[in-house]
Amino acid sequence: MMSGTAGQLKGGSVKTRSGAAGKIGYVVLYIILIAVAVFQLFPLVWLLFFSLKNNQEVFNLPPLSLPTHPHWENYKKVWSAGNIDVYFLNSVWITIVATVLTVVLGSLVTYAITRMKWKGSNLVLGLFMVAMMIPVHSTLIPLFSMFNKIHLIDHPLSLILSYVAFNMPITIMILLGFYYALPKEVEEAAVLDGCSVNQMFFRIVLPMTSSVLATTGIINMIYNWNEFIFVNTFISSDKFKTLTVGVQNFIGQYTTDWGAIGATLMISILPILIAFLFLSDRIVEGIAAGSVKG
Amino acid sequence: MDKVMSNKKIIALYVLPSLLLILAIVYIPIVLTGYYGLNEWNGIGSMKFIGFDNYSALIKDHLFWSSAGHSLLLAVFSALSLIVYLVIAMVLSAKLKGANLFRKIYLIPMLLSSVAIAQLWLKILHPTNGILNSILESLGVDNPPAWLAEPNLVLFALFIPILWQYAGFYILIYYAALKNIPTSLEEAAKIDGATSLQIAYKIKLPLAMEVIKVTIVLAVVGSLKYFDLIYVMTDGGPNGSSEVMASYMYHQAFKSYDFGYGSAIGFFLLIICLVATWVIRKLTASKDTIQYS
């Protein structure tokens, strides 16, 4: 009503016509958005359904039918039959160690580049930024032979070093803007009070940047958790494999048991889905911040 | 102040660990890749220097060129799909209720590992039991294709999961860019009688151009080095019809133990990625000046 009157006051017919067209327009827009949402979610819902079915149900029932008697034993079977628990723990600790190292080392570099005065800081920054464009694959063969020489093949350290190095540029890139925006006065006051650079960095700067640290941390975690080619190339023994490669090999043994495959996949993606449920705002923000590289 | 902030020891302490790491893990390997490419080497025994033989063999290798062609095709698909993502982001940013929720739902596939995505889509595209062909059959399609087994279809079929995986990522970037445009501009245009389409085309699009450029680089370079999903889903098959540059390199080095030739491919991949980045930047930069002049 209110908008109708306002429309008439401003010389009406144009306003009301755009209002009616607007409504139809909105319906169309929502249909587009919902169609995309269905496309994005549907495969995952289907995965959940077939992870709870046995082969007979998968192949004989309509694909979208709910599992009549959910076969939770699919989950039990794959969890206890393979090394999924080992892969899972490896993924957790390797992801955490690499993420913490990247964020701390990246913060130190960014601090030295943005706040401290030295020749060559631009050159060093350039080295990190150019590294962002280098494809991982082009380094794979030399990395393999280098790690082989120093006996780090089939050792988790090869993964951690690679993850830290390759995620460092994007981490620094996200941190940069934040560090440039930090007020100088805080540091000046701290120096006058006799603070050393180390104290200043660890007691003042790091806490001040905690929100952007969380953002970079999340980006790093997602990358590290899902990394495939390094694990697949460097790690051969089951005790060091992470979930992505473990799942891949494990499914190879169950090529025809769709329920088991579904359960394995669900186990591998569940931690991310749960994290997303609780941290979705941070994750969205983290990915948005991380994407503006280039 | 200046004295404290230019303490050389502290600077070295803060910078050197990361700098040495990136030199060792990124830069030295890049140089070595180029050098290994000049050798005949099975990865274990001693290297034999053969000059540019690997590189000249590469230029004559039709399997390499077809894999490069596949990579290029994927890059073109990816670049084209950006238009769709941009439209969806425009729709999302039109002050719709629930935009935030949609944006989050779209992003979910992006968080999953390529291996999980590949395995899931192997099932979806399964010729007899997959959900895609079940749907097609129920719609009356008699003999739906065996998507990943058809040399002419396999790249298109592989592109569906790629679309699925990255849709949310690009929509998110575009959405963020569009939201950054001051609303006052849009309101002023509305008062002047501009339609939503005009606003989208004449105001939002040019202002989002910087971000669009970045996404073109991301999509093209990302596609040129595509690996995980293809490696798991088809391993380059059937008969090399979905082989891409990175998978060809992997096969030559780690399956055929021809590390010298693999390195030559790896070095070529690096050059192509750097050149692609540079070319796209140049192209999009010149477009930009035309638009503003």
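The domain assignment of chain A gives domain 1 (2-51) and domain 2 (81-289), with bounds that come from an automatic or database domain assignment. Taken over C-alpha atoms, the centres of domain 1 of chain A and domain 2 of chain A are separated by 39 Å. Six residues of domain 1 of chain A are in contact with seven residues of domain 2 of chain A, where contact means heavy atoms within 4.5 Å.

A word on conventions will help before going further. This is a predicted model, in which local features need pLDDT of at least 70 and side-chain atom pairs count only at pLDDT 80 or more, while totals for chains, interfaces and linings use all residues. Residues are numbered from 1 along each chain as its sequence is written, chains are lettered from A and ligands numbered from 1 in the order in which they are written, and side-chain values use heavy atoms, with hydrogens and water left out.

**Two residues of chain A**

Let us look at A:T139, which is found in helix 7 (residues 137-149) of chain A. Helices (H or I, at least four residues) and strands (E, at least two) are DSSP runs, numbered from the N terminus. A:T139 counts as buried because its relative accessibility is 0%; buried means under 20% relative accessible area, exposed over 50%, and partly exposed in between (1.4 Å probe, protein chains only). Once neighbours within four places in sequence are set aside, A:T139 is in contact with A:I134 and A:F166 in chain A, and with B:I25, B:V26, B:P29, B:I30 and B:T33 in chain B.

A:H151 sits in the loop between helix 7 and helix 8 (156-180) of chain A. With a relative accessible area of 68%, A:H151 is exposed. Its backbone deserves a glance too: phi of A:H151 is near 60°, a positive value in a residue other than glycine.

**Chain B as a whole**

Chain B contains 14 helices and two strands. Along the principal axes, its C-alpha atoms fill a box of roughly 80 × 75 × 35 Å. Of the 293 residues of chain B, 54% count as buried. Among contacts in chain B between residues at least 6 apart in sequence, 67% join residues at least 24 apart.

**Helix 8 of chain B and two partners**

Helix 8 (residues 154-179) of chain B takes part in both packings below. Axes are lines fitted to C-alpha atoms, for helices over the stretch in contact, and angles run from 0 to 180 degrees between N-to-C directions.

| Helix pair in chain B | Axes come within | Crossing angle |
|---|---|---|
| Helix 8 (residues 154-179) and helix 11 (residues 209-224) | 10 Å | roughly 165° |
| Helix 6 (residues 114-124) and helix 8 | 10 Å | roughly 135° |

Angles under 35 degrees count as roughly parallel, over 145 as roughly antiparallel, 65 to 115 as roughly perpendicular and the rest as oblique. Helix 8 of chain B and helix 11 of chain B are therefore roughly antiparallel to each other, and helix 8 passes helix 11 in a right-handed crossing. A crossing is right-handed if the near helix is turned clockwise from the far one by less than a right angle, and left-handed if anticlockwise. In this packing, B:F169, B:Y170, B:I173, B:Y174 and B:A177 of helix 8 meet B:V211, B:I212, B:T215, B:L218 and B:A219 of helix 11. By class, that contact has nine nonpolar, one polar and no charged residues. Here Ala, Val, Leu, Ile, Met, Phe, Trp, Tyr, Cys and Pro count as nonpolar, Asp, Glu, Lys and Arg as charged, and the others, Gly among them, as polar.

Helix 6 of chain B and helix 8 of chain B are oblique to each other, and helix 6 passes helix 8 in a right-handed crossing. B:S114, B:I117, B:L120 and B:W121 in helix 6 meet B:I160, B:P161, B:W164 and B:Q165 in helix 8. The contact of helix 6 with helix 8 has six nonpolar, two polar and no charged residues.

**Single residues in chain B**

B:A219 belongs to helix 11 of chain B and counts as buried, at 3% relative accessibility. B:A219 touches B:S78, B:L82 and B:Y170, not counting residues up to four places away in sequence. B:A219 and B:A79 are 140 residues apart in sequence, but 6.0 Å apart in space, C-alpha to C-alpha.

The loop between helix 12 (228-233) and helix 13 (245-255) of chain B holds B:P238, and the peptide bond from B:G237 to B:P238 is cis, with omega near -10°. B:D235 is found in the loop between helix 12 and helix 13 of chain B. B:D235 has a positive phi of about 55° although it is not a glycine, and at 33% relative accessibility B:D235 counts as partly exposed.
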